[in-house]
Amino acid sequence: MIILTAIILLLFVFYAVVLMYYLQGWSSMPEFRLEKSDKPEIKFSVIIPARNEEENIGRLLGSVQSQTYPSELYEVIVIDDHSEDSTAEIVKKFPVHLLQLKDDHINSYKKKAIEKGIEFSSNEWIVCTDADCIAHPEWLNTLSSFIQQRQPVFVAAPVCFIPSDPAQTNSLLHIFQSLDFLTLQGITGASVFRKAHSMCNGANLAYKRSVFYEVNGFEDIDKIASGDDMLLMHKIWKHSPAGIGYLKSASAIIETNDAPSWSAFFNQRIRWASKANSYEDKRIFAVLLLVYLFNLSFLVLLALAFYQIQFLYLLLILWLLKTGVEYPFIKSVSRFYHRQHLLKYFFFFQPMHIAYTIIAGLLGSFGKYEWKGRRVK
């Protein structure tokens with residue numbers, strides 16, 4: 001018991017140090033402010049892959065059309081990925097470009113769709129988002145100002161969850177997903193700001209078209225269905241390490257639908273976890289391994305508690321320690337996203353968070369998942 005306890009406590013110490021590192025990074029990163037001297041001048045091509053998004057695509061295009069940014073400085077390109085509903089018909093009602101993805105029998109339809117959109121685009125800056133999102137009216141204006149002030153080649157920007165079903169705003173599923181995603185978003189911002197490792201979300205990122213081609217786009221990372229965001233980001237980081245920026249601004253937040261069901265949630269997290277084996281960035285792989293082993297230690301203690309009650313006491317103590325070290329971080333991030341009202345659930349969701357981390361990590365490495373109606377690995 002002594003050796004096992006020592007190992008678990010050592011894992012906790014490493015975990016706590018990493019969390020404090022992220023907290024310091026997030027807290028020390030100032031929020032970006034628009035300067036009156038920044039005049040709109042960056043030309044954007046907004047790329048939107050869409051598959052069976054008839055319930056969402058109109059809402060997104062409406063928010064993009066309502067940008068305060070001059071309409072002559074950006075174009076919108078929607079790539080319809082073999083939709084079986086009225087997605088294409090809805091897109092045609094808006095002043096945007098509609099492309100049809102013809103490729104089939106490939107593993108990464110989304111990367112192919114983005115690639116097709118970039119080929120068609122006419123502007124230097126590519127902005128990517130998803131069809132189930134909503135853009136803040138100042139989204140492109142803030143992005144333009146950030147690019148002018150910081151001169152990056154790749155920009156990661158904030159994302160937050162909204163309920164896919166408005167009636168589920170107070171549901172257990174939405175609250176759990178929101179808290180979990182806030183943690184991931186905080187780590188994203190802190191890691192990019194501190195240049196710790198490559199991390200971003202495909203619902204809100206931008207990069208130079210020229211840099212995309214300089215790193216050969218999705219070449220060598222096109223065999224995995226997911227990874228159009230982080231795997232590409234790492235390729236660009238290797239090419240231009242000083243050119244990666246994080247846009248911490250409330251007016252740049254993209255809202256995206258959460259998973260509508262528990263099965264969809266696990267499919268999403270398994271898909272995200274499936275990228276881990278493809279990370280060239282060993283820095284983030286080391287963090288993921290630490291997080292997984294630390295959460296796995298709870299399962300080990302639970303199993304051993306059936307034989308010795310002392311392990312149950314250790315599990316409860318570790319639960320409190322985990323909550324205590326994570327709370328300041330999630331509190332700081334939730335303040336930025338105006339989600340502080342969710343914090344009262346944080347302690348009680350710890351067992352669910354531990355369980356899903358173990359399951360998603362395992363299935364992400366060895367299992368398959370469904371994405372947009374396709375069964376992929």
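**View 1. Lys248 over two rings.** A charge sits over a ring if NZ of Lys or CZ of Arg is within 6 Å of the ring centre and within 35 degrees of the ring normal. In this predicted model, Lys248 meets that rule at Phe336: its charged end sits over the ring, 5.9 Å from the centre. Lys248 also has its charged end over the ring of Trp26. There the distance to the ring centre is 4.2 Å.

**View 2. Phe32 and Phe146, an edge-to-face pair.** The model holds 29 aromatic pairs. One of them joins Phe32 and Phe146, with ring centres 5.2 Å apart. Their planes stand at 80°, so the pair is edge-to-face; the cut-off for that class is over 60 degrees. The two residues come from distant parts of the chain, 114 residues apart. Phe32 is in the loop between α1 (2-28) and β1 (44-50). Phe146 belongs to helix α5, residues 139-150. Phe32 is buried, at 6% relative accessibility. Phe146 is buried too, at 2%.

**View 3. Phe181 and Trp272, a tilted pair.** Here the ring centres lie 6.0 Å apart. The planes are at 35°, so this pair counts as tilted. Phe181 sits in helix α6 (residues 172-193), and Trp272 in helix α9 (residues 262-273). The pair therefore ties together parts that are 91 residues apart in sequence. Phe181 has a relative accessibility of 3% and counts as buried.

**View 4. An aromatic cluster.** Phe176, Trp262, Phe265, Phe266, Tyr345, Phe349 and Tyr356 make up one aromatic cluster. Look for the phenylalanines Phe176, Phe265, Phe266 and Phe349 among its members. Trp262 belongs to the cluster as well, as do Tyr345 and Tyr356.

**View 5. The largest nonpolar core.** This core has 79 residues. Those that touch the most other members are Trp26, Phe154, Tyr207, Leu232, Ile236 and Tyr337. Helix α11 (residues 309-337) gives the largest share of the core, ten residues. A second core of 38 residues is separate, and includes Leu73, Tyr74, Ala131 and Ala203.

**View 6. Around Ile236.** Ile236 is one of the core residues that touch the most other members. Neighbours within four places in sequence are left aside here. Ile236 is then in contact with Val153 and Phe154. Its other contacts are Tyr207, Val211, Val215, Pro241 and Ile244.

**View 7. The second largest pocket.** Its volume is about 230 Å³. The lining has 16 residues. Closest to the pocket centre are Phe146, Arg150, Ile244, Gly245 and Tyr246. Phe146 is also a partner in the edge-to-face pair with Phe32. The elements α5, α6 and β9 (244-246) each give two or more residues to the lining. Strand β9 provides the largest share, three residues.

**View 8. Asp220, a positive phi in a loop.** Asp220 is not a glycine, yet its phi is positive, near 80°. The residue lies in the loop between α7 (209-214) and α8 (230-239). Its relative accessible area is 71%, so Asp220 is exposed; the cut-off is over 50%.

**View 9. His338, another positive phi.** The phi of His338 is about 55°, a positive value although the residue is not a glycine. His338 is found in the loop between α11 and α12 (350-366). At 58% relative accessibility, His338 counts as exposed.

Definitions and conventions. Residues are numbered from 1 along each chain as its sequence is written. This is a predicted model: local features need pLDDT of at least 70, side-chain atom pairs count only at pLDDT 80 or more; totals for chains, interfaces and linings use all residues. Side-chain values use heavy atoms; hydrogens and water are left out. Rings of Phe, Tyr and Trp (its six-membered ring) pair if their centres lie within 6.5 Å; planes under 30 degrees apart count as stacked, over 60 as edge-to-face and the rest as tilted. Helices (H or I, at least four residues) and strands (E, at least two) are DSSP runs, numbered from the N terminus. Buried means under 20% relative accessible area, exposed over 50%, partly exposed in between (1.4 Å probe, protein chains only). A nonpolar core is a set of buried Ala, Val, Leu, Ile, Met, Phe, Trp, Tyr and Cys residues joined through side-chain atoms within 4.5 Å. Contact means heavy atoms within 4.5 Å. On a 1 Å grid over the protein atoms alone, a cavity is a set of points where a 1.4 Å probe fits but cannot get out, and a pocket is an open set with protein on both sides within 12 Å along at least five of seven lines; lining residues have an atom within 4 Å of a point. Grid points are joined across faces, edges and corners, and a volume is the space filled by probe spheres set on the points.
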